Amino acid sequence: MDPKRSNVLCKRALLTGFTLCVLLVTKPASAIDIHADQEVIVQNGTTGVLRCTFKSSEVVSSATSVTWSFQSSQPDNQFSKSPYVIYYFSNGKGFPGSDEFKDRVQFIGNINQRDVSIQLSPTQFSDNGTFFCDVKNPPDVKGTQARTELRVVLKESLPQTSTAIIVGVVCCALVLLVLIAVAACVVMRVLHNRHEYEGCTSLESVSSQPPRPRKKVESSLENSRCTSPSGPLQGPVIYAQLDHSGSKNSFHKMEPVVYADIRKN
């Protein structure tokens with residue numbers, strides 16, 4: 001075999017092996033998830049909070065960086081053409097960007113807890129637009145930046161709590177209290193009726209006991225009373241029977257006839 005050709009084959013083999021080792025050892029970068037509020041409405045002149053969080057499979061380190069950008073929705077604004085960096089965070093330090101936001105942007109998140117929120121104070125009408133939140137946590141660097149639409153309005157334009165909703169909540173609370181009171185009354189009445197029912201059953205059990213036998217004399221009297229005829233009790237009735245034969249002594253011949261009629265009341 002030609003020595004030159006053998007050298008070329010050896011170099012190719014070594015290069016292929018080195019490439020395979022690099023592919024096996026090197027860990028592919030994973031995607032990072034970034035989340036932010038879709039819309040925030042703030043009153044002009046107050047503090048507006050722009051929240052942003054992220055999820056990463058890698059441990060947060062000093063290499064983790066956060067970038068906030070802004071693009072105005074007003075055509076005559078200097079930031080309307082493309083997003084401008086207004087805040088940058090890295091190695092535990094924050095670096096404000098444009099002078100327009102330099103003194104109004106403040107980092108209020110905690111990067112170790114994967115919170116990279118900021119606040120604007122005070123907000124202005126020129127802040128109407130889109131804010132972009134981008135996080136890099138090497139080697140987890142691939143991900144889509146989150147975006148938040150900020151609307152700075154007057155106090156009168158803020159969404160107010162509907163009066164009907166408040167009234168409805170109060171009415172529901174009152175109805176709930178009434179239902180609870182009615183349920184308590186029903187339970188108390190049921191318990192009271194059950195107590196009375198148990199008292200009645202105890203009295204009935206006592207009264208259902210067989211009566212004591214009476215004396216022999218009382219039973220005989222009852223028998224005698226039962227056998228006697230009904231009606232008022234009367235004594236013997238005496239009737240006189242006269243002799244109408246016409247004899248002299250007929251007037252003196254009277255034979256008493258006694259009819260006894262004893263009736264029981």
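## Strand S2 and its two faces

A residue counts as buried when its relative accessible area is under 20%, as exposed when this is over 50%, and as partly exposed in between. With that in hand, strand S2 of this predicted model is a good place to start. Val40 and Val42 make up the covered face of S2, while Glu39, Ile41 and Gln43 make up the uncovered one. This fits a general pattern: in a regular strand, side chains alternate between the two faces of the sheet.

S2 pairs with S11 in the parallel sense, over five bridges. Within this pairing, Ile41 stands opposite Arg151 of S11.

## The sheet around it

Where does S2 sit in the wider sheet? Six strands form an open sheet in the order S2-S11-S10-S5-S6-S7, with mixed pairing. Strand S2 (39–43) and strand S7 (93–96) are the edge strands; each has a single partner strand, so one side of each is left without a neighbour in the sheet. From one strand to the next, the twist averages 20°.

Elsewhere in the sheet, S5 (residues 65–72) and S6 (residues 84–90) run antiparallel and are joined by six bridges. In that pairing, Ser65 has Ser90 of S6 as its bridge partner. As a general reminder, strands of a sheet pair through backbone hydrogen bonds, in either a parallel or an antiparallel sense.

## Salt bridges

The structure holds four salt bridges. One of them joins Glu39 to Arg151, with the closest N and O atoms 3.2 Å apart. Glu39 lies in strand S2 and Arg151 in strand S11 (residues 146–153), so the pair ties together parts that are 112 residues apart in sequence. How accessible is Glu39? Its relative accessibility is 45%, so Glu39 counts as partly exposed. Arg151 is partly exposed too, with a relative accessible area of 38%. Arg151 thus appears twice here: as the salt-bridge partner of Glu39 and as the residue opposite Ile41.

Another salt bridge brings together the side chains of Asp134 and Lys136, at 3.9 Å from N to O. Is Asp134 buried or exposed? Asp134 counts as buried, because its relative accessibility is 17% and the cut-off is 20%. Lys136, at 29%, is partly exposed. Glu149 also forms a salt bridge, with Arg147, where the closest N and O atoms are 3.7 Å apart. In this pair, Glu149 is partly exposed at 32%, and Arg147 is partly exposed at 48%.

## The chain as a whole

Stepping back, the protein chain has four helices and 13 strands. Of its 265 residues, 22% count as buried. The accessible surface comes to about 19,900 Å², and carbon and sulfur atoms account for 60% of this. Among contacts between residues at least 6 apart in sequence, 59% join residues at least 24 apart.

## Confidence

How confident is the predictor overall? The mean pLDDT of the chain is 75, and 59% of the residues reach 70 or more. Two stretches deserve a careful look before you build on their coordinates. Residues 20–27 have pLDDT below 50, and beyond near neighbours in sequence this stretch has one contact in the model. Residues 215–231 are also below 50, but this stretch has 12 contacts beyond near neighbours in sequence.

Key:
Residues are numbered from 1 along each chain as its sequence is written. This is a predicted model: local features need pLDDT of at least 70, side-chain atom pairs count only at pLDDT 80 or more; totals for chains, interfaces and linings use all residues. Side-chain values use heavy atoms; hydrogens and water are left out. Two strands pair if DSSP finds at least two bridges between them. Helices (H or I, at least four residues) and strands (E, at least two) are DSSP runs, numbered from the N terminus. Axes are lines fitted to C-alpha atoms, for helices over the stretch in contact, and angles run from 0 to 180 degrees between N-to-C directions. pLDDT is the predictor's confidence in each residue, from 0 to 100. Contact means heavy atoms within 4.5 Å. Buried means under 20% relative accessible area, exposed over 50%, partly exposed in between (1.4 Å probe, protein chains only). Accessible areas come from the Shrake-Rupley method with a 1.4 Å probe; for residues, only the protein chains shown count as cover.
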